[in-house]
Amino acid sequence: MTLILNLESSTQVCSVSLSKNGQLVDYIESNEGQNHARLLSVFADQLIQRNKLDFNQLQAVAISKGPGSYTGLRIGVSLAKGICYANQIPLIAISPLQAMSDHVSFNLEKYAIQPHAQLRLCPMIDARRMEVYTAMYDLQNQELESVSAKIVDADTFASQLDQHPIVFFGNGASKCQPVIDHPNAIFISNLETSAQFMCSLAQKAFDNNHFEDVAYFEPFYLKDFIAGIPKKNMLKS
């Protein structure tokens, strides 16, 4: 039996799930905003306790590796490393984009999407203004286009949409929907990152011994963190 704790903190969603042999057992999450520092470790403790487990019974911890929120990713990785160090268990890193794509690929009927050999899956995480972090996957959840930051306008996916239908989803898709006006564009509403979607990918990584170096692992930020610049120089006399 393989028990894995999954932590998702790459967006405004704070989410923790427990999986057994790749299947979701239980989860707790909140999408009330950037409360990860306050909630993530509490959710992990609550999830373990209500399933009558101890952290030392886990076989691994899976973390959302990014891209996404700089602060959220650091909080998630710090918690995951602490649990792994304390219990001498491996760390697994999962792309939040691929995790969403994995969920959609197994739930086309739920979202009223007709399977199509050329169907493409395009998860999106909101960045700034009309920018998103995105990638492209096929129905087997194989990466067709690597993760990148795109500024979306009417032409961004036009050539691809001319060739095949694309399903857009994630918290970045809603802001792009008004500008992606194409008959082959399909949008799933209200689908966001979640630790629920990490279970099968985490199990595959575990089965293939695809682990991260707990000491040196860093999140995949994609873009450098840019701190805000104060409007006034408070040191100026």
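**Exercise 1. Strand S1 and its partners**

Task: Which residues lie on each side of S1, and are both faces covered or open?

Solution: Both faces of S1 are covered, with Leu3, Leu5 and Leu7 buried on one side and Ile4, Asn6 and Glu8 buried on the other. Buried here means under 20% relative accessible area, exposed means over 50%, and partly exposed lies in between (1.4 Å probe, protein chains only). A note before going on: this is a predicted model, in which local features need pLDDT of at least 70, side-chain atom pairs count only at pLDDT 80 or more, and totals for chains, interfaces and linings use all residues. Residues are numbered from 1 along each chain as its sequence is written, and side-chain values use heavy atoms, with hydrogens and water left out.

Next, look at the partners. S1 runs antiparallel to S2, joined by six bridges, and a hairpin of five residues connects S1 to S2. Strands count as paired if DSSP finds at least two bridges between them; strands themselves are DSSP runs (E, at least two residues), as are helices (H or I, at least four), numbered from the N terminus. S1 also pairs with strand S4 (residues 60-64), in the parallel sense over four bridges. In that pairing, Asn6 stands opposite Ala62.

**Exercise 2. The surroundings of Leu18**

Task: Where is Leu18 found, and is Leu18 buried or exposed?

Solution: Start with the strand: Leu18 sits in S2 (residues 14-20), where Leu18 is the bridge partner of Leu5. Then take the accessibility: at a relative accessible area of 1%, Leu18 is buried. Finally, list the contacts (heavy atoms within 4.5 Å). Beyond neighbours within four places in sequence, Leu18 touches residues including Leu3, Val25, Leu47 and Leu58. Leu3 is 15 residues from Leu18 in sequence, yet their C-alpha atoms are 7.1 Å apart.

**Exercise 3. Aromatic pairs**

Task: How many aromatic pairs are there in the whole structure, and how are the rings of Tyr70 and Tyr221 arranged?

Solution: The search finds four aromatic pairs. Rings of Phe, Tyr and Trp (its six-membered ring) pair if their centres lie within 6.5 Å; planes under 30 degrees apart are stacked, over 60 edge-to-face, and the rest tilted. Tyr70 and Tyr221 have ring centres 4.5 Å apart and planes at 25 degrees, so this pair is stacked. The two tyrosines are 151 residues apart, with Tyr70 in helix H2 (residues 70-87) and Tyr221 in the segment after helix H6 (199-207). Tyr70 is partly exposed at 29% relative accessibility, whereas Tyr221 is buried at 16%.

Now compare the phenylalanines. Phe157 and Phe168 are edge-to-face, 5.1 Å centre to centre with 65 degrees between the planes. Phe157 is in the loop between strand S8 (143-151) and helix H4 (158-163), and Phe168 is in strand S9 (residues 166-169), so the pair ties together parts eleven residues apart in sequence. Phe157 and Phe168 are both buried, and with Phe187 they form one aromatic cluster.

**Exercise 4. The open sheet**

Task: What is the strand order of the five-strand sheet, and which strands stand at the edges?

Solution: The order is S8-S7-S6-S9-S10, with mixed pairing. S8 and strand S10 (185-187) each have a single partner strand, so one side of each lacks a neighbour in the sheet. To link this with the cluster, note that S9 and S10 pair in the parallel sense over three bridges, and that Phe187 in S10 is the bridge partner of Phe168.
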